[in-house]
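Biologist: Please choose a single part of this model and look at it closely, with the terms spelled out as you go.

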Amino acid sequence: MDSLEFPYSPNIPFNRPFVSGKEIEFIDDACKSGHLSGCGKYTKKCEVWLEDYFGASRALLTHSCTAALEMCALLLNLSEDDEVIMPSYTFVSTANAFKLRNAKIKFVDICPQTLCIDPVRVSEAINSKTRAVIAVNYAGRNPYIYQLAELCHNHSIYLVEDNAQGLGSTYKGRPLGSFGSLSCISFHETKNISSGEGGALIINDPSLVHRAELILEKGTNRSAFNRGEVDKYTWVSLGSSYLPSEINAAFLWAQFHDFGYITRTRTRLWMSYYEFILSHDWSDFVKTPLPPQEGEIINGHIFYLMFAKTTHRDYFNSCMKSQGVHCVFHYVPLHSSPFNLSLGDSCYSLPITDQASSCLTRLPIWIGLDSCWDQIKTAVTISMNAVMSEL
Ligand SMILES: *Cc1c(COP(=O)(O)O)cnc(C)c1O
């Protein structure tokens with residue numbers, strides 16, 4: 001592949017975090033306020049914003065989506081006898097959070113059209129030990145979320161949304177992240193809205209709010225103390241340190257101001273990719289994601305291409321790289337990972353997961369990409385021609 005030669009062009013990274021410029025102003029204000037640890041003014045502003053957006057009982061800022069997922073596992077009081085169902089096609093934190101509580105994880109396959117957990121497979125995997133289904137809203141989408149919510153409701157088990165990628169997407173008028181009893185968001189620099197590192201736990205089930213506050217505050221009733229409800233605070237529960245500092249919250253607050261702009265811009269870029277790919281005769285070699293479905297508003301988090309073969313995907317990625325455009329695969333499956341195999345958990349056949357992992361690539365998508373859009377289109381065309389002429 002190194003022998004390929006293309007005209008020199010500047011590097012186009014896969015991701016470039018959006019910074020509006022207002023971040024510094026709010027951080028400066030936080031510094032002057034004299035309160036820089038968690039739970040200050042900017043944390044409150046962000047939490048109220050999220051509660052309004054989701055119509056949630058409570059939103060709690062955390063220092064990562066990983067932390068929010070760990071809080072979910074603590075909140076569900078899982079033990080060794082409990083099972084949780086989740087996709088293998090996901091980020092490692094989805095599984096780690098529940099493994100840390102010694103729960104048994106059952107990985108199930110995804111739907112080829114959405115790359116989200118397949119409700120049919122979920123329904124087959126549910127048994128008397130199942131306590132929760134963890135739905136990962138892949139690429140910030142999940143057209144089967146209503147179905148999953150109903151399935152969980154009928155079996156009296158929890159639905160938890162790993163909505164790390166889904167802030168800004170709605171389905172039939174409801175935001176992704178408002179369907180589960182609990183949902184988690186990431187503000188990592190690779191996500192649409194970011195604070196470098198950051199996250200939030202969205203609590204839609206009011207019966208979980210009280211314990212979530214204890215867990216967030218290191219297992220103490222400090223939240224009640226801060227509200228003047230108790231005269232001292234003490235150790236009352238299992239918990240840990242999950243708060244972000246006010247510096248992070250101030251940065252995040254600036255990003256919320258541009259939430260509409262960020263989401264609209266990414267969605268427009270997503271549609272440009274979609275139309276560009278469809279306008280060529282490449283459908284025998286690559287498939288695009290589904291277009292937005294009826295009632296679905298997407299947040300433009302990921303635009304991916306699914307190749308027919310791994311060799312085509314790898315060749316495409318290296319041709320793109322030679323032209324300065326960085327495209328990346330997604331998710332080494334968890335079910336066949338060294339750690340999962342070391343747990344003796346090896347009886348899986350998840351063909352759609354394996355296929356997505358070996359044939360999918362993600363194209364750059366970030367605010368400011370317009371300035372290199374022509375270079376990207378040229379690179380994609382040259383790379384697709386290279387893939388097709390290899391056959
Ligand atoms: C990004 C991501 C996470 C982890 O988010 P952090 O904020 O980095 O902890 C978890 N799950 C999914 C699906 C993600 O995309």
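Modeller: Contact here means heavy atoms within 4.5 Å, and I begin with Ile203. The model is a predicted one, in which local features need pLDDT of at least 70 and side-chain atom pairs count only at pLDDT 80 or more, while totals for chains, interfaces and linings use all residues. Residues are numbered from 1 along each chain as its sequence is written, and side-chain values use heavy atoms, with hydrogens and water left out.

Leaving aside neighbours within four places in sequence, Ile203 touches Ala56, Ser57, Arg58, Leu60, Ser181, Leu182, Leu208, Val209 and Ala212. Of these contacts, Leu182 deserves a closer look, since Leu182 stands opposite Ile203 in strand S9; helices (H or I, at least four residues) and strands (E, at least two) are DSSP runs, numbered from the N terminus.

Both residues belong to the largest nonpolar core, a set of 37 residues in which Met86, Phe98, Leu182, Leu201 and Ile203 touch the most other members. Such a core consists of buried Ala, Val, Leu, Ile, Met, Phe, Trp, Tyr and Cys residues joined through side-chain atoms within 4.5 Å, where buried means under 20% relative accessible area, exposed over 50%, and partly exposed in between (1.4 Å probe, protein chains only). At least two residues of this core come from each of H3 (65-75), S2 (83-87), H4 (92-99), S3 (104-108), S4, S8 (182-186), S9 (199-203) and H7 (209-216). The most is given by H3, with 9 residues. Another core, of 32 residues, lies apart from this one, with Trp282, Val286, Trp366 and Ala386 among its members.

Strand S8, which supplies Leu182, is mostly covered, with 5 of its 5 residues buried. Leu182, Cys184 and Ser186 point one way from S8, whereas Ser183 and Ile185 point the other way; in a regular strand the side chains alternate between the two faces of the sheet. On one pairing, S8 and S9 run antiparallel and are joined by 5 bridges, and on another, S5 and S8 run parallel with 3 bridges (two strands pair if DSSP finds at least two bridges between them). In that parallel pairing, Glu161 stands opposite Ser183.

Ser186 of S8 leads on to the ligand, which is surrounded by 13 residues, the closest being Thr66, Asp162, Gln165, Ser186 and Lys191; a residue is near a molecule if one of its heavy atoms lies within 4 Å of it. A ligand nitrogen atom is 2.8 Å from an N or O atom in the side chain of Asp162, and a ligand oxygen atom is likewise 2.8 Å from an N or O atom in the side chain of Gln165. For Lys191, a polar side-chain atom lies 3.2 Å from an oxygen atom of the ligand.

Returning to the surroundings of Ile203, Arg58 is also reached from helix H2 (residues 41-54), where Glu51 is found. Glu51 counts as buried because its relative accessibility is 18%, and its side chain makes a polar contact of 3.2 Å with that of Arg58. A polar contact is a pair of N or O atoms within 3.5 Å; within protein, one must be able to donate a hydrogen and the other to accept it, and residues adjacent in sequence count only if both atoms are side-chain atoms. Beyond neighbours within four places in sequence, Glu51 is in contact with Ala56, Arg58 and Ala59, and Ala56 and Arg58 are among the contacts of Ile203 as well.
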